[in-house]
Amino acid sequence: MRARRQTREPTIALINIVFLMLVFFMVAGTLAPPLERDLSLVRTDDLEGRAPPDALVIRADGEMLYRGTAQVDVAAYVEGLDPEAREEVRIVPDRDLPAADLVTLGRELRRAGAGRVIIVTERALQ
């Protein structure tokens with residue numbers, strides 16, 4: 001009777017591959033130049049987030065406010081802006097404002113002469 005030879009698993013080859021991947025990622029990770037050792041970065045986690053003062057605020061019921069005063073006409077709002085401010089109009093919609101109303105308002109702003117309509121969200125304010 002012959003003794004059966006057991007086949008060995010290729011664990012050495014697997015270890016070699018893992019080792020090569022480890023070396024590769026160690027080398028690839030150090031390609032970026034490090035920051036200066038004595039540099040201290042600015043901390044922004046203590047800053048208070050708030051809407052930009054030139055933003056058009058839209059409440060959940062569709063009421064629009066600009067700098068605390070109610071706005072009714074989108075065209076009058078855009079015409080009242082400086083030519084620079086018309087290039088990028090910022091709007092701060094309420095979370096409960098229906099998306100269809102937000103899209104309609106964006107279209108109206110574009111038709112009235114706004115270059116870009118930027119939606120300010122909670123993350124952008126943080």
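Which residue stands opposite Arg90 in S5? In this predicted model, the partner is Ile118. To see how that pairing comes about, let's walk through the sheet.

Five strands make up an open sheet, and reading across you get S3-S2-S1-S4-S5, with mixed pairing. The edges go to strand S3, residues 69-71, and strand S5, residues 116-119. Each of these has a single partner strand, so one of its sides has no neighbour in the sheet. The sheet isn't flat-on between neighbours either: on average, adjacent strands are turned by 35° against each other, direction ignored. As a general reminder, strands of a sheet pair through backbone hydrogen bonds, in either a parallel or an antiparallel way.

Now back to the S5 edge. Strand S4 covers residues 88-93 and pairs with S5 in the parallel sense, over four bridges. That is the setting for Arg90 and Ile118 standing opposite one another. How does the chain cross from S4 to S5? The route runs through helix H4, residues 99-111, and this β-α-β crossover is right-handed.

One last stop is Ala75, which you'll find in helix H2, residues 74-79. Ala75 has a relative accessible area of 29%, so this residue counts as partly exposed, since that label covers values between the 20% and 50% cut-offs. Follow the chain 39 residues from Ala75 and you get to Ala114, yet the C-alpha atoms of the two are separated by 9.5 Å.

Conventions:
Residues are numbered from 1 along each chain as its sequence is written. This is a predicted model: local features need pLDDT of at least 70, side-chain atom pairs count only at pLDDT 80 or more; totals for chains, interfaces and linings use all residues. Side-chain values use heavy atoms; hydrogens and water are left out. Two strands pair if DSSP finds at least two bridges between them. Helices (H or I, at least four residues) and strands (E, at least two) are DSSP runs, numbered from the N terminus. Axes are lines fitted to C-alpha atoms, for helices over the stretch in contact, and angles run from 0 to 180 degrees between N-to-C directions. A crossover is right-handed if, with the strands pointing away from the viewer, the path from the first strand over the helix to the second runs clockwise. Buried means under 20% relative accessible area, exposed over 50%, partly exposed in between (1.4 Å probe, protein chains only).
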